[in-house]
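Here is a short tour for a reader meeting this structure for the first time. Keep the sequence and the model side by side while reading.

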Amino acid sequence: MHELSLAENILQLIEDAAQQQHFTQVEAVWLEIGQLACVEHESLRFFFNSVKKDTIAQEAKLEIITITGQGICDRCHQTIAVNSYDMACPRCGGYAVTITQGEEMRMNALEVK
Amino acid sequence: MCTTCGCGLSQIRINNKPMRIQRQSHQSLTYRPLRPSPAQNHEPIKDPASNPLKAKNPGRRDHQTSETRMIKIERDILAENNRYATQNRHYFSAHRIFALNLLSSPGSGKTTLLVQTIQMLRNLYPIAVIEGDQQTDHDATRIRATGAPAVQINTGKGCHLDAAMIDRALQQMHIENNSVLFIENVGNLVCPASFDLGEAHKVIILSVTEGEDKPLKYPDMFQAADLLLLNKCDLLPHLTFDTGLAIEYAHRINPSLPVIQISATHGSGMTAWLEWIEACRRATAGALRQ
(Lines give C-alpha, C1' and ligand atoms only; values in the text may rest on other atoms or scores of the structure.)
Protein backbone atom coordinates (compact mmCIF):
# COMPACT_ATOMS: atom_id res chain seq x y z
CA MET A 1 0.00 0.00 0.00
CA HIS A 2 2.94 2.31 0.65
CA GLU A 3 4.31 1.47 -2.80
CA LEU A 4 3.43 4.98 -4.01
CA SER A 5 5.95 6.39 -1.52
CA LEU A 6 8.51 3.85 -2.67
CA ALA A 7 7.90 4.82 -6.32
CA GLU A 8 8.36 8.50 -5.36
CA ASN A 9 11.59 7.65 -3.59
CA ILE A 10 12.83 5.69 -6.62
CA LEU A 11 12.11 8.69 -8.86
CA GLN A 12 13.95 10.95 -6.41
CA LEU A 13 17.02 8.68 -6.52
CA ILE A 14 16.90 8.76 -10.34
CA GLU A 15 16.68 12.57 -10.40
CA ASP A 16 19.56 12.85 -7.94
CA ALA A 17 21.63 10.55 -10.14
CA ALA A 18 20.69 12.55 -13.27
CA GLN A 19 22.12 15.73 -11.73
CA GLN A 20 25.37 13.95 -10.90
CA GLN A 21 25.78 11.87 -14.02
CA HIS A 22 24.23 14.15 -16.66
CA PHE A 23 21.88 11.79 -18.41
CA THR A 24 18.59 12.79 -19.96
CA GLN A 25 16.72 9.55 -20.35
CA VAL A 26 16.38 6.37 -18.32
CA GLU A 27 15.79 3.10 -20.13
CA ALA A 28 15.73 0.70 -17.19
CA VAL A 29 15.81 0.79 -13.39
CA TRP A 30 17.31 -2.21 -11.57
CA LEU A 31 15.95 -2.89 -8.12
CA GLU A 32 16.71 -5.56 -5.56
CA ILE A 33 13.63 -6.32 -3.45
CA GLY A 34 13.84 -8.88 -0.67
CA GLN A 35 11.22 -11.57 -0.39
CA LEU A 36 10.48 -10.43 3.18
CA ALA A 37 10.37 -6.70 2.37
CA CYS A 38 6.84 -5.36 2.64
CA VAL A 39 6.57 -4.65 -1.12
CA GLU A 40 3.99 -5.78 -3.64
CA HIS A 41 5.84 -5.85 -6.96
CA GLU A 42 2.79 -5.29 -9.14
CA SER A 43 1.66 -2.40 -6.97
CA LEU A 44 5.15 -0.86 -7.17
CA ARG A 45 5.11 -1.18 -10.99
CA PHE A 46 1.66 0.42 -11.11
CA PHE A 47 2.72 3.41 -9.02
CA PHE A 48 6.07 3.77 -10.77
CA ASN A 49 4.24 3.95 -14.11
CA SER A 50 2.07 6.71 -12.61
CA VAL A 51 4.84 8.84 -11.11
CA LYS A 52 7.31 8.54 -14.00
CA LYS A 53 5.06 10.43 -16.46
CA ASP A 54 6.67 13.64 -17.78
CA THR A 55 9.97 12.88 -16.07
CA ILE A 56 13.34 11.66 -17.38
CA ALA A 57 12.19 8.18 -16.37
CA GLN A 58 9.03 8.18 -18.47
CA GLU A 59 10.39 5.45 -20.76
CA ALA A 60 12.01 3.45 -17.96
CA LYS A 61 11.24 -0.19 -17.34
CA LEU A 62 11.44 -1.59 -13.81
CA GLU A 63 13.64 -4.67 -13.54
CA ILE A 64 13.02 -6.24 -10.13
CA ILE A 65 15.43 -8.84 -8.81
CA THR A 66 13.93 -10.81 -5.91
CA ILE A 67 16.33 -11.62 -3.09
CA THR A 68 15.26 -14.80 -1.34
CA GLY A 69 14.76 -14.73 2.41
CA GLN A 70 17.39 -16.38 4.58
CA GLY A 71 18.04 -16.60 8.30
CA ILE A 72 19.83 -18.42 11.10
CA CYS A 73 17.72 -20.39 13.55
CA ASP A 74 18.40 -19.09 17.08
CA ARG A 75 17.92 -22.60 18.51
CA CYS A 76 19.74 -24.99 16.16
CA HIS A 77 21.98 -22.36 14.49
CA GLN A 78 21.32 -23.69 11.01
CA THR A 79 21.02 -21.39 8.02
CA ILE A 80 17.50 -21.77 6.64
CA ALA A 81 15.43 -20.35 3.81
CA VAL A 82 12.77 -18.00 5.20
CA ASN A 83 9.81 -17.14 2.97
CA SER A 84 7.64 -15.55 5.67
CA TYR A 85 8.04 -14.21 9.21
CA ASP A 86 5.71 -16.82 10.74
CA MET A 87 7.80 -19.70 9.42
CA ALA A 88 9.18 -22.23 11.89
CA CYS A 89 12.68 -23.69 11.40
CA PRO A 90 12.18 -26.82 9.27
CA ARG A 91 14.89 -28.63 11.28
CA CYS A 92 13.94 -27.94 14.90
CA GLY A 93 10.53 -26.18 14.73
CA GLY A 94 11.74 -23.01 16.50
CA TYR A 95 10.19 -19.68 15.53
CA ALA A 96 13.13 -17.52 16.66
CA VAL A 97 15.10 -16.83 13.51
CA THR A 98 17.60 -14.04 12.90
CA ILE A 99 17.00 -12.79 9.37
CA THR A 100 20.23 -12.41 7.40
CA GLN A 101 18.83 -11.70 3.94
CA GLY A 102 15.57 -10.86 2.21
CA GLU A 103 14.54 -7.49 3.69
CA GLU A 104 16.38 -5.41 1.05
CA MET A 105 14.82 -2.54 -0.89
CA ARG A 106 17.66 -1.23 -3.00
CA MET A 107 18.19 0.54 -6.29
CA ASN A 108 21.18 -1.17 -7.86
CA ALA A 109 21.71 0.48 -11.18
CA LEU A 110 20.23 2.52 -13.98
CA GLU A 111 20.49 2.04 -17.72
CA VAL A 112 20.59 5.54 -19.16
CA LYS A 113 21.12 7.57 -22.31
CA MET B 1 -5.43 6.96 -7.06
CA CYS B 2 -4.56 3.80 -5.12
CA THR B 3 -7.25 1.21 -5.63
CA THR B 4 -6.40 -0.63 -2.43
CA CYS B 5 -5.99 1.94 0.32
CA GLY B 6 -6.41 5.33 -1.29
CA CYS B 7 -2.76 6.45 -1.16
CA GLY B 8 -2.61 9.27 -3.64
CA LEU B 9 -1.18 12.46 -4.94
CA SER B 10 -2.29 14.67 -2.14
CA GLN B 11 -1.19 17.40 0.15
CA ILE B 12 0.21 16.83 3.60
CA ARG B 13 -0.87 19.28 6.29
CA ILE B 14 0.68 19.93 9.70
CA ASN B 15 -1.64 21.68 12.16
CA ASN B 16 -3.83 22.38 9.15
CA LYS B 17 -1.09 24.29 7.28
CA PRO B 18 0.27 22.77 4.05
CA MET B 19 3.66 21.10 4.54
CA ARG B 20 6.28 22.99 2.55
CA ILE B 21 7.68 20.93 -0.30
CA GLN B 22 11.36 21.49 -0.95
CA ARG B 23 11.48 20.81 -4.65
CA GLN B 24 8.94 20.33 -7.36
CA SER B 25 10.78 19.65 -10.57
CA HIS B 26 7.68 18.48 -12.40
CA GLN B 27 4.42 20.26 -12.12
CA SER B 28 2.45 17.11 -12.70
CA LEU B 29 3.81 15.72 -9.42
CA THR B 30 2.20 17.55 -6.55
CA TYR B 31 3.15 15.00 -3.90
CA ARG B 32 6.90 15.30 -3.34
CA PRO B 33 7.55 14.92 0.37
CA LEU B 34 11.30 14.40 0.11
CA ARG B 35 13.95 16.92 -0.71
CA PRO B 36 17.02 16.16 -2.80
CA SER B 37 19.68 14.24 -0.96
CA PRO B 38 23.23 15.54 -0.56
CA ALA B 39 25.71 14.79 -3.30
CA GLN B 40 26.37 11.12 -3.81
CA ASN B 41 29.32 9.67 -5.62
CA HIS B 42 27.76 7.59 -8.31
CA GLU B 43 30.41 5.57 -10.06
CA PRO B 44 29.96 5.24 -13.77
CA ILE B 45 30.44 1.66 -14.87
CA LYS B 46 32.76 1.61 -17.83
CA ASP B 47 33.50 -2.07 -18.04
CA PRO B 48 30.33 -4.15 -18.36
CA ALA B 49 32.16 -7.05 -16.73
CA SER B 50 32.38 -5.09 -13.47
CA ASN B 51 28.62 -4.61 -13.37
CA PRO B 52 27.23 -6.76 -10.59
CA LEU B 53 23.97 -7.06 -12.48
CA LYS B 54 25.70 -8.71 -15.40
CA ALA B 55 26.99 -11.48 -13.19
CA LYS B 56 23.68 -11.93 -11.38
CA ASN B 57 21.47 -11.84 -14.43
CA PRO B 58 23.38 -13.00 -17.45
CA GLY B 59 21.38 -12.45 -20.59
CA ARG B 60 18.84 -10.17 -18.93
CA ARG B 61 20.35 -7.00 -20.29
CA ASP B 62 19.69 -7.81 -23.93
CA HIS B 63 17.88 -4.55 -24.42
CA GLN B 64 20.95 -2.51 -23.55
CA THR B 65 22.09 -0.83 -26.74
CA SER B 66 25.34 0.87 -27.66
CA GLU B 67 23.69 4.23 -27.01
CA THR B 68 22.93 3.42 -23.41
CA ARG B 69 25.22 3.02 -20.43
CA MET B 70 24.84 1.45 -17.01
CA ILE B 71 25.23 3.54 -13.85
CA LYS B 72 25.76 1.90 -10.50
CA ILE B 73 23.59 3.40 -7.74
CA GLU B 74 23.60 0.96 -4.80
CA ARG B 75 21.27 2.95 -2.58
CA ASP B 76 18.45 1.94 -0.30
CA ILE B 77 15.13 3.02 -1.80
CA LEU B 78 14.26 4.51 1.59
CA ALA B 79 17.69 6.17 1.95
CA GLU B 80 16.12 9.62 2.08
CA ASN B 81 13.57 8.61 4.71
CA ASN B 82 16.34 6.96 6.70
CA ARG B 83 18.48 10.11 6.49
CA TYR B 84 15.64 12.11 8.03
CA ALA B 85 15.09 9.39 10.62
CA THR B 86 18.77 9.59 11.63
CA GLN B 87 18.48 13.38 11.86
CA ASN B 88 15.37 13.05 14.06
CA ARG B 89 17.17 10.51 16.24
CA HIS B 90 20.10 12.91 16.71
CA TYR B 91 17.66 15.65 17.70
CA PHE B 92 15.97 13.34 20.23
CA SER B 93 19.26 12.28 21.78
CA ALA B 94 20.59 15.86 21.94
CA HIS B 95 17.47 16.86 23.91
CA ARG B 96 17.15 13.57 25.80
CA ILE B 97 13.68 13.03 24.28
CA PHE B 98 12.35 9.47 24.47
CA ALA B 99 10.21 8.90 21.34
CA LEU B 100 7.73 6.07 20.85
CA ASN B 101 6.00 5.26 17.55
CA LEU B 102 2.49 3.89 18.26
CA LEU B 103 1.07 1.62 15.58
CA SER B 104 -2.26 -0.13 15.21
CA SER B 105 -5.29 -0.58 13.04
CA PRO B 106 -7.98 2.13 13.27
CA GLY B 107 -10.21 1.82 16.32
CA SER B 108 -7.82 -0.08 18.59
CA GLY B 109 -8.06 2.67 21.22
CA LYS B 110 -4.71 4.41 20.63
CA THR B 111 -5.94 7.91 21.43
CA THR B 112 -7.85 6.83 24.55
CA LEU B 113 -4.72 4.96 25.66
CA LEU B 114 -2.63 8.08 25.04
CA VAL B 115 -4.97 10.34 26.98
CA GLN B 116 -4.92 7.95 29.97
CA THR B 117 -1.13 7.52 29.72
CA ILE B 118 -0.57 11.30 29.64
CA GLN B 119 -2.75 11.78 32.70
CA MET B 120 -0.74 9.18 34.61
CA LEU B 121 2.71 10.35 33.39
CA ARG B 122 2.43 14.11 33.32
CA ASN B 123 3.64 14.64 36.85
CA LEU B 124 6.73 12.56 36.10
CA TYR B 125 7.94 13.88 32.74
CA PRO B 126 7.08 16.55 30.20
CA ILE B 127 4.97 14.94 27.47
CA ALA B 128 4.52 15.85 23.80
CA VAL B 129 2.47 14.21 21.07
CA ILE B 130 2.56 14.08 17.28
CA GLU B 131 -0.74 12.84 15.86
CA GLY B 132 -0.97 11.28 12.41
CA ASP B 133 -4.32 10.93 10.64
CA GLN B 134 -5.47 11.20 7.06
CA GLN B 135 -7.96 13.95 7.94
CA THR B 136 -9.21 16.06 10.88
CA ASP B 137 -7.47 17.31 14.02
CA HIS B 138 -9.88 15.52 16.37
CA ASP B 139 -7.11 13.45 17.96
CA ALA B 140 -4.79 16.42 18.56
CA THR B 141 -7.73 18.27 20.15
CA ARG B 142 -8.33 15.33 22.51
CA ILE B 143 -4.63 15.33 23.45
CA ARG B 144 -4.47 19.12 23.94
CA ALA B 145 -7.41 18.83 26.36
CA THR B 146 -5.01 16.96 28.70
CA GLY B 147 -2.66 19.96 28.65
CA ALA B 148 0.05 18.20 26.62
CA PRO B 149 1.32 19.97 23.47
CA ALA B 150 0.20 18.16 20.30
CA VAL B 151 0.90 18.66 16.61
CA GLN B 152 -1.48 17.12 14.08
CA ILE B 153 -0.10 15.80 10.80
CA ASN B 154 -2.74 15.14 8.16
CA THR B 155 -1.34 12.83 5.53
CA GLY B 156 -4.18 13.56 3.08
CA LYS B 157 -4.58 10.30 1.25
CA GLY B 158 -1.22 8.97 2.50
CA CYS B 159 -1.34 5.83 4.60
CA HIS B 160 1.63 6.34 6.95
CA LEU B 161 3.87 8.94 8.57
CA ASP B 162 7.41 9.29 7.22
CA ALA B 163 10.53 10.73 8.83
CA ALA B 164 10.41 13.96 6.79
CA MET B 165 6.91 14.72 8.15
CA ILE B 166 8.21 14.21 11.70
CA ASP B 167 11.14 16.55 10.93
CA ARG B 168 8.69 19.28 9.86
CA ALA B 169 6.42 18.67 12.85
CA LEU B 170 9.42 18.95 15.21
CA GLN B 171 10.24 22.36 13.70
CA GLN B 172 6.75 23.54 14.70
CA MET B 173 6.82 22.31 18.29
CA HIS B 174 8.68 23.21 21.39
CA ILE B 175 9.48 19.95 23.15
CA GLU B 176 11.08 20.27 26.56
CA ASN B 177 14.28 18.39 27.29
CA ASN B 178 13.76 14.98 28.94
CA SER B 179 10.28 14.69 27.41
CA VAL B 180 8.47 11.54 26.43
CA LEU B 181 7.25 12.03 22.85
CA PHE B 182 4.41 9.84 21.59
CA ILE B 183 4.00 9.64 17.81
CA GLU B 184 0.58 8.22 17.01
CA ASN B 185 0.91 6.82 13.51
CA VAL B 186 -1.91 6.58 10.96
CA GLY B 187 -4.20 3.67 11.86
CA ASN B 188 -2.87 1.01 9.49
CA LEU B 189 -1.22 -2.34 10.16
CA VAL B 190 0.79 -2.49 6.92
CA CYS B 191 2.48 0.63 5.60
CA PRO B 192 3.92 2.30 8.73
CA ALA B 193 6.10 -0.79 9.41
CA SER B 194 8.62 0.15 6.71
CA PHE B 195 9.18 3.79 7.70
CA ASP B 196 11.66 4.53 10.45
CA LEU B 197 10.74 7.87 12.07
CA GLY B 198 13.75 8.05 14.37
CA GLU B 199 11.87 6.66 17.35
CA ALA B 200 13.45 4.65 20.18
CA HIS B 201 10.80 1.92 19.95
CA LYS B 202 7.76 0.88 17.97
CA VAL B 203 4.76 -0.10 20.09
CA ILE B 204 1.89 -2.01 18.49
CA ILE B 205 -1.59 -1.85 19.97
CA LEU B 206 -3.99 -4.70 19.23
CA SER B 207 -7.47 -4.65 20.73
CA VAL B 208 -9.33 -7.78 21.76
CA THR B 209 -12.29 -6.76 19.60
CA GLU B 210 -10.10 -7.60 16.57
CA GLY B 211 -9.22 -11.11 15.40
CA GLU B 212 -6.55 -13.05 17.31
CA ASP B 213 -4.91 -13.97 13.98
CA LYS B 214 -3.97 -10.34 13.17
CA PRO B 215 -0.26 -11.08 13.88
CA LEU B 216 -0.31 -13.75 11.17
CA LYS B 217 -2.24 -11.55 8.77
CA TYR B 218 0.01 -8.50 9.24
CA PRO B 219 3.39 -10.02 10.12
CA ASP B 220 5.61 -7.09 9.09
CA MET B 221 4.20 -4.83 11.76
CA PHE B 222 4.53 -7.43 14.52
CA GLN B 223 8.06 -8.23 13.34
CA ALA B 224 9.04 -4.54 13.58
CA ALA B 225 7.46 -3.92 17.03
CA ASP B 226 9.27 -3.83 20.38
CA LEU B 227 6.14 -4.10 22.56
CA LEU B 228 2.60 -5.41 22.07
CA LEU B 229 -0.16 -3.78 24.10
CA LEU B 230 -3.30 -5.92 24.09
CA ASN B 231 -6.00 -3.32 24.71
CA LYS B 232 -9.69 -3.36 25.74
CA CYS B 233 -9.11 -6.42 27.97
CA ASP B 234 -12.07 -5.33 30.13
CA LEU B 235 -14.29 -6.56 27.25
CA LEU B 236 -12.88 -10.12 27.29
CA PRO B 237 -15.80 -11.61 29.29
CA HIS B 238 -18.15 -10.56 26.48
CA LEU B 239 -16.01 -11.88 23.61
CA THR B 240 -14.71 -15.17 22.24
CA PHE B 241 -11.21 -13.68 21.74
CA ASP B 242 -8.52 -16.25 22.66
CA THR B 243 -5.78 -14.21 24.37
CA GLY B 244 -3.33 -17.13 24.56
CA LEU B 245 -3.70 -17.84 20.86
CA ALA B 246 -3.20 -14.15 19.93
CA ILE B 247 0.02 -14.04 21.98
CA GLU B 248 1.18 -17.36 20.52
CA TYR B 249 0.66 -16.00 16.99
CA ALA B 250 2.50 -12.78 17.86
CA HIS B 251 5.41 -14.85 19.21
CA ARG B 252 5.56 -16.91 16.02
CA ILE B 253 6.33 -13.69 14.19
CA ASN B 254 8.49 -12.10 16.89
CA PRO B 255 9.42 -14.58 19.67
CA SER B 256 10.94 -11.99 22.00
CA LEU B 257 8.03 -9.50 21.76
CA PRO B 258 6.91 -8.48 25.26
CA VAL B 259 3.11 -8.39 25.72
CA ILE B 260 1.17 -6.29 28.25
CA GLN B 261 -2.58 -6.81 28.63
CA ILE B 262 -4.31 -3.52 29.39
CA SER B 263 -7.60 -1.71 29.53
CA ALA B 264 -7.09 1.97 28.86
CA THR B 265 -10.63 2.83 29.98
CA HIS B 266 -10.58 0.73 33.20
CA GLY B 267 -6.90 1.22 34.00
CA SER B 268 -5.84 -2.43 34.32
CA GLY B 269 -2.28 -3.13 33.15
CA MET B 270 -1.50 0.59 32.86
CA THR B 271 1.11 0.40 35.63
CA ALA B 272 3.02 -2.31 33.73
CA TRP B 273 2.90 -0.14 30.59
CA LEU B 274 4.24 2.90 32.49
CA GLU B 275 6.98 0.74 34.02
CA TRP B 276 7.95 -0.45 30.53
CA ILE B 277 8.19 3.20 29.40
CA GLU B 278 10.35 4.10 32.39
CA ALA B 279 12.66 1.08 31.94
CA CYS B 280 13.14 1.75 28.22
CA ARG B 281 13.59 5.48 28.79
CA ARG B 282 16.37 4.75 31.27
CA ALA B 283 17.95 2.17 28.94
CA THR B 284 17.89 4.64 26.01
CA ALA B 285 19.39 7.40 28.17
CA GLY B 286 22.01 4.96 29.51
CA ALA B 287 22.98 3.88 26.00
CA LEU B 288 23.44 7.54 25.07
CA ARG B 289 25.73 8.22 28.02
CA GLN B 290 28.00 5.40 26.88
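The largest nonpolar core of this predicted model holds 33 residues. Among them, A:I14, A:V29, A:L31, A:L44, A:F48 and A:L110 touch the most other members. Several elements of chain A each supply at least two residues: α1 (3-21), β1 (26-34), α2 (41-51), β2 (61-67) and β6. Strand β3 of chain B does so too. Helix α1(A) gives the most, with 9 residues. Apart from this core lies another one, of 30 residues. Its members include B:F98, B:Y125, B:A150 and B:W273.

**One core residue: A:L44**

Take A:L44 as an example. This leucine lies in helix α2 of chain A. Is A:L44 buried or exposed? Its relative accessibility is 1%, so A:L44 counts as buried. Which residues does A:L44 touch, beyond those up to four places away in sequence? The list is A:E3, A:L6, A:A7, A:I10, A:L31, A:I33, A:V39, A:L62 and A:I64. A:E3 is 41 residues from A:L44 along the chain. Even so, the C-alpha atoms of the two are separated by 5.0 Å.

**Strands of chain A**

Two of the residues touched by A:L44, namely A:L31 and A:I64, also face each other across a strand pair. A:I64, in β2(A), is the bridge partner of A:L31. The strands β1(A) and β2(A) pair in the parallel sense, over 7 bridges. Strand β2(A) is mostly covered, with 5 of its 7 residues buried.

Chain A also has an open sheet of 3 strands, in the order β4-β3-β5. Here the pairing is antiparallel. Strands β4 (79-81) and β5 (97-101) of chain A stand at the edges. Each has a single partner strand, so one side of each is left without a neighbour in the sheet. Neighbouring strands of this sheet are turned by 35° against each other on average, direction ignored. Strand β3(A), residues 70-73, pairs with β4(A) over 3 bridges. Within that pair, A:G71 stands opposite A:I80.

**Cysteines without disulfides**

How many disulfides does the model contain, over all chains? The count comes to 0. Two cysteines of chain A illustrate this. The closest cysteine sulfur to that of A:C73 belongs to A:C92, at 3.5 Å, which is too far for a bond. A disulfide would need the sulfur atoms within 2.5 Å. A:C76 is in no disulfide either; the nearest cysteine sulfur, that of A:C89, is 3.7 Å away. The surroundings of the two can be told apart by accessibility. A:C73 counts as buried, at 1%. A:C76 counts as partly exposed, at 24%.

**Salt bridges**

Charged pairs are next. Over all chains, the count comes to 13 salt bridges. The table gives three of them.

| Pair | Closest N to O distance |
|---|---|
| B:E74 and A:R106 | 3.3 Å |
| B:K202 and B:E199 | 2.9 Å |
| B:R282 and B:E278 | 2.5 Å |

Start with B:E74 and A:R106, which form a salt bridge. B:E74 lies in strand β3 (residues 69-76) of chain B and A:R106 in strand β6 (residues 105-112) of chain A, so the pair joins two chains. B:E74 counts as partly exposed, at 30% relative accessibility. A:R106 is partly exposed as well, at 25%.

The next pair sits in chain B. B:K202 counts as buried, at 11% relative accessibility. Its partner B:E199 is also buried, at 5%.

What separates B:R282 and B:E278 in helix α9 of chain B? They are 4 residues apart in this helix (residues 270-289), which means about one helical turn between them. B:R282 counts as exposed, at 57% relative accessibility. B:E278, in contrast, counts as buried, at 18%.

Salt bridges can also link up. A:E27, A:K113 and B:E67 are linked in a network of them.

Note on methods:
Residues are numbered from 1 along each chain as its sequence is written. Chains are lettered from A and ligands numbered from 1 in the order in which they are written. This is a predicted model: local features need pLDDT of at least 70, side-chain atom pairs count only at pLDDT 80 or more; totals for chains, interfaces and linings use all residues. Side-chain values use heavy atoms; hydrogens and water are left out. A salt bridge is a side-chain nitrogen of Lys or Arg within 4 Å of a carboxyl oxygen of Asp or Glu. Buried means under 20% relative accessible area, exposed over 50%, partly exposed in between (1.4 Å probe, protein chains only). Two strands pair if DSSP finds at least two bridges between them. Axes are lines fitted to C-alpha atoms, for helices over the stretch in contact, and angles run from 0 to 180 degrees between N-to-C directions. A nonpolar core is a set of buried Ala, Val, Leu, Ile, Met, Phe, Trp, Tyr and Cys residues joined through side-chain atoms within 4.5 Å. Contact means heavy atoms within 4.5 Å.
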